[in-house]
Structure formats: C-alpha cells, structure tokens
Amino acid sequence: MERFADEADVVIVGAGPAGLSAAIRLKQLANEQEKELRVCLVEKASQIGAHTLSGACLEPTALNELIPDWKERGAPLNTPVTEDVFGILTEKHRIPVPILPGLPMVNHGNYIVRLGNFVRWLGEQAEELGVELYPGYAASEVLFHEDGSVKGIATNDVGIAKDGSPKDVFERGMELHAKVTLFGEGCHGHLAKQLYKQFNLRENCEPQTYAIGLKELWTIDEKKWRPGRVEHSVGWPLNRHTYGGSFLYHLNEGEPLVALGFVVGLDYTNPYLSPFREFQRWKHHPSVAPTLEGGHRIAYGARALNEGGIQSIPKLTFPGGLLIGCSPGLMNVPKIKGTHTAMKSGMLAAEAIFPKVIAESLDSETAGLHVTEYSDNLKNSWVWKELYAVRNIRPSFHNYFGLYGGMVYTGVFYWIFRGKEPWTLKHCGLDANQLKPAKDCTPIEYPKPDGKISFDLLSSVALSGTNHEGDQPPHLTLKDDSIPVNRNLAIYDGPEQRFCPAGVYEYVPMETGDGMRLQINAQNCVHCKTCDIKDPSQNINWVVPEGGGGPAYNGM
C-alpha cells in the first residue's frame, strides 16, 4: 500500500517547549509579513503535554521574548519562587548550604510549574496562530531526497499485530514532506540517533552523558504547605562518587500540592544501584518525610535528561533539517533547567529558516534547505553564553573527592571567575561503559517500601497512566537476543532490572528449568530512554510504539 504524502513548508517533530516555540515563532513571523506558511507538528503522545515530565522550575527569559503578554493570555505560571534552600544530606542530618548571588542554583524570579500544563498552553497558542498540531502520530522514520538531504518524516503504520501481520484496523503511516524539518524529540530522540550517524553530526563533540530523573506529585497536609518554596539537596542516599540530587517544590495550584523528585547521573558505576529505590529511600530522610506524612501520592513518572552540556552538543544543522531543544542537549545542568534554553533554540531556528522558506528562489545546494545560520545565531545568543559559563561544573565531579570536590570547584571557579577559566574539562565517555562488573561491587540492600511514603515499582507505574496497545510489534528491540543473559546477567548481574524506572525488564527462569531469560514488559514503558542509554552492551534499541501509546502524565 502506498503511503499518503502531504507537503508543508516546515515540519516539526515533537511538541515540547522547543518544537512549540519554533512553531509559534514561525507563525508570528508569517503573520507579521503577511505570508502564507504551512507549519505541521507531529507528537507521539495522545495529547499535547501527555509525555512531558520535568521538575519544573521555569526561568521565564525565553517566554518573555516569545509571548510578552503571557500573563494576560493565562499561562499556567501560578507559583513564583518565594523561598530557595539548598542542603547536603547525611543519613540523619541536613547541612544547609548558602545560595550565594550569582550561583546557578538561585531561583529568584523563576516560577514553579507543572510543565505538561505549560506545554498544553503553548499548544493552544500555536493552534490559535494556525499551526497544524497532530498529537497521537509517532514520527518513526526520516525520509531523504535522492541527494541525501532530509525530505521529511513518516509516521508509523498502525494496526500491526505482534507477528507483523496486518489487523482489521491496519492503517498505513503517512509522509510529511517539508523544505526543512525540525527535530525536537527531547532527550535521546530515536530519529536524532539516526541523523547523528547519517550526517556524522557527533564527530567533533564528546559523547552525550545523561541522568535519570524520577518524579512524584503529592497532595499534603495544608499546615505543611509553603507555596513558592524550592528545596534542593545533594548527598545521601548516594555516595560521593555518584552524581545526583533531589528537589521538592511547593506548588500554588489551589490545593496543597508538592512536586518532588530525584536525579541520578547515568555514569554511575555500581550495577546494583536502582535509581527508583534510591528515590524511595530518600523520601524517608528526616528533613523530607515530615512534609509527606499524612499526604497522598497522586502521580509518578520518569525521564532521562542530558548532562553533557556544551562539550556534548553535536553539529546542529544538516541538509534539510536541524536539531532543537533537549534533542541536541541544551540543558543547563547546574541550574537543572532546560526549558528556557530549549524554547530559545526553537525561536532562533524559526528566525533562521523563515526567510529561506518564504524566498521565491530557493538558493539551496540540496533539495532540502541547509540553514547553517541557525548554529551561528545560537552561538551568538545568551543560550551559548550561559552553557559555556557552566561547562566545567558537571565534569568537575570526576575527582577523588567526587561530590565535595565538585562543590569546591564550583564555589571557587564558577563563583569567582564565572566560567571564564581558560580550560574545558572532559566527561568520562559513554554512560554505558561506566558500569563495573558485579563481582567488583557491593550489592545494595534497599529497605522494603512502607506503602505510605515509599512504594513498590509496579504501583508507581500504575500512577503514570502508561498504556500501549498489547498486540503490536515490540518497540524495545534487542540487536542480539543472546547478549542479555550471556553478558549483562553474567557480568553485571542484569542491571536492566534495576535501572529501568518502570519494571520493563526482568530476568525470569526458562520454562525448561535450565537458566534464565530476559522478559520485556513493553506495555510498562514510560518512554524515559534510560535502557537505550545505560545498557552496558548497547544492545537495546528504543523505537517508537504506535502513536498515542505511553504515559499519560497529567501536568507533570
């Protein structure tokens, strides 16, 4: 069956802050100049914002530039930060650390938001301007012109059974062709992975390094609720050589609501470590548990995030397309913020491609437009300046003193020199290569969840609203079926069953009774991408399931 093909001026993959900001800016420019411009945006979630998960403490810089009257338009920024605290945790105590003016952790002027709600609102602004939004359509394939430039994307076929045969509801995917395609898939996008190889985009940068972020929403006792309070911590329960930390934000959404979460750098070395169980353990700390006691957990989710900073940003443009937002990794790691930089990258992309797309004579060497101006504009913007200044903070943790050495480095070099030191530190390489063999590591004994403050994995996944059509080809594919048991289980004691925050991977006995096999519960997948990143054999390949599948985060 032929695929239906449609033509647009610009196609955008991913309705996150970057993709929506690009779409909005394109239509603003078109309206200002009274030009016809067709902008189509595809999003794999069933609704705009349903796959969006972040802390989130939003810096409004880019929003002020994009939509100056956002307050009048009802943007869901309801909680200005009123209190900002930071501490180092030991098992029993919390050592307060002063937040000096000018340090990245200062949140004065920012807003605590539920990013899914903010993204949904951005989607409404885009639609008002005439952007065509297609939620529930998963971009599964990059299309190329004969000259090798990007032609657009195709969505996946739906209604295919596990065995590959078409079901009664089978529908062929559709093609969207464009003069230029923007890839804003978020952290570790599966199409971006293909583009890195196709155009060798990573030849002049370091490998990306990542973290896993886990988050819960709670309603708490009103007496303990302090709207606008932002708390961050480092230290316990992680050791000094495992990068990570926590957040606890008090939202002002008409009910006593807190967002809390835990981030673990995926360059950790002990295969017995479980980020999910570290998170559950952290909630029992004497400085955290009192806030949650008597409260009620209402949502859970997880997502990988980029931590490589400026050292790991690939080439951003190629014939027919460009990378925006968290796809290439524009997050400010010490700030734990990427929304403002993602939005600005989308706006800069729109401003770079708009004159080219509307030009009557398309002076392009390739069939798909190659807009190199976007990279130049980004490098001349406040985004690059900001990322360059903090470039050494994350890699400074790779020292004998770990966390404490990194904090001293930040205090001395960042606070005094503001990132102007004449060197750039390197990361350790691929996160997948950092695990030590299980025989060289100490197993970690995690306490049993109490069902009040800490919980088991499966009841947590149930709160994510995750759902996939059961009878479809697997979207978690193995390059070699023998590797999980022969290598991952044999050498690393099966780390997949611990690093996955959704219980997708488990080793179970063979039906024949001799040995083990890896069971993949793909229906549990929350699309966090951790498996694709951390698998020590790089044997797992995450591809998109049918559009509309995955988590249903309600304002995470």
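**Entry 1: the annotated segment**

I started with the UniProt record, an unreviewed entry, which lists residues 397-417 as "transmembrane region". I was looking at a predicted model throughout. Over residues 397-417, I found the chain to be 71% helix and 0% strand. The C-alpha atoms at the two ends of that stretch are 18 Å apart.

**Entry 2: aromatic rings**

Residue 397 is a Phe, so I turned to its ring pair with Tyr243, where the centres lie 4.8 Å apart and the planes stand at 90°, an edge-to-face arrangement. I noted that Tyr243 sits in the loop between β17 (229-235) and β18 (244-252). Phe397 belongs to the loop between α9 (382-389) and α10 (403-417), so this pair ties together parts 154 residues apart in sequence. Tyr243 and Phe397 are both buried.

How many aromatic pairs does the count come to? I got 13. I also wrote down a cluster in which ring pairs link Phe144, Phe183, Phe199 and Phe318.

Phe199 led me to helix α4 (residues 190-199), where it is one of the buried residues. His190, Leu191, Ala192, Leu195 and Tyr196 are buried in α4 as well. Asn200 follows α4, and I read a positive phi for it, near 50°.

Next I checked charges over rings. Arg297 lies over the face of Phe455, 4.0 Å from the ring centre. Lys534 has its charged end over the ring of Tyr268, at 4.3 Å from the centre.

**Entry 3: salt bridges**

My count of salt bridges is 28. I looked at Arg3 and Glu175, whose side chains meet with an N to O distance of 3.2 Å. Arg3 is in the segment before β1 (4-7) and Glu175 is in strand β14 (residues 174-177), so I had a link between distant parts of the chain, 172 residues apart. Both Arg3 and Glu175 are buried.

I then took Lys344 and Glu65, which form a salt bridge with their closest N and O atoms 2.6 Å apart. Lys344 is in helix α7 (residues 339-358) and Glu65 in helix α2 (residues 61-66), so parts 279 residues apart in sequence are tied together. Lys344 counts as buried because its relative accessibility is 10%, whereas Glu65, at 36%, counts as partly exposed.

Glu32 and Arg25 also meet in a salt bridge, at 4.0 Å from N to O. Is Glu32 buried or exposed? I read 57% relative accessibility, so Glu32 counts as exposed. Arg25 is buried, with a relative accessible area of 15%.

I closed this page with a network of salt bridges linking Glu83, Arg226, Arg229 and Glu231.

**Entry 4: a small open sheet and the loop before β4**

I traced an open sheet of 3 strands in the order β4-β8-β5, with antiparallel pairing. Its edge strands, β4 (57-58) and β5 (79-80), each pair on one side only. β5 and β8 (residues 111-112) pair over 2 bridges, and I found Tyr111 of β8 to be the bridge partner of Pro80.

Leu53 lies in the loop between β3 (39-43) and β4. Its relative accessibility is 15%, so I logged Leu53 as buried. Which residues does Leu53 contact, leaving aside its neighbours within four places in sequence? I listed Gly213, Lys215, Gly301, Ala302, Arg303, Tyr553 and Met556. I also noted that Leu53 and Pro551 are 498 residues apart in sequence and 10.0 Å apart in space, C-alpha to C-alpha.

Conventions: Residues numbered from 1 in each chain as written. Predicted model: local features only at pLDDT ≥ 70, side-chain atom pairs only at ≥ 80, totals over all residues. Heavy atoms only, no water. Pairing = 2+ DSSP bridges. Helix = DSSP H or I, 4+ residues; strand = E, 2+ residues; numbered from the N terminus. UniProt positions renumbered as here; feature names shortened; annotations may be inferred. Buried < 20%, exposed > 50% of the residue type's maximum accessible area, 1.4 Å probe, protein only. Contact = heavy atoms within 4.5 Å. Phe/Tyr/Trp six-rings, centres within 6.5 Å; stacked < 30°, edge-to-face > 60°. Lys NZ or Arg CZ within 6 Å of the ring centre and 35° of its normal.
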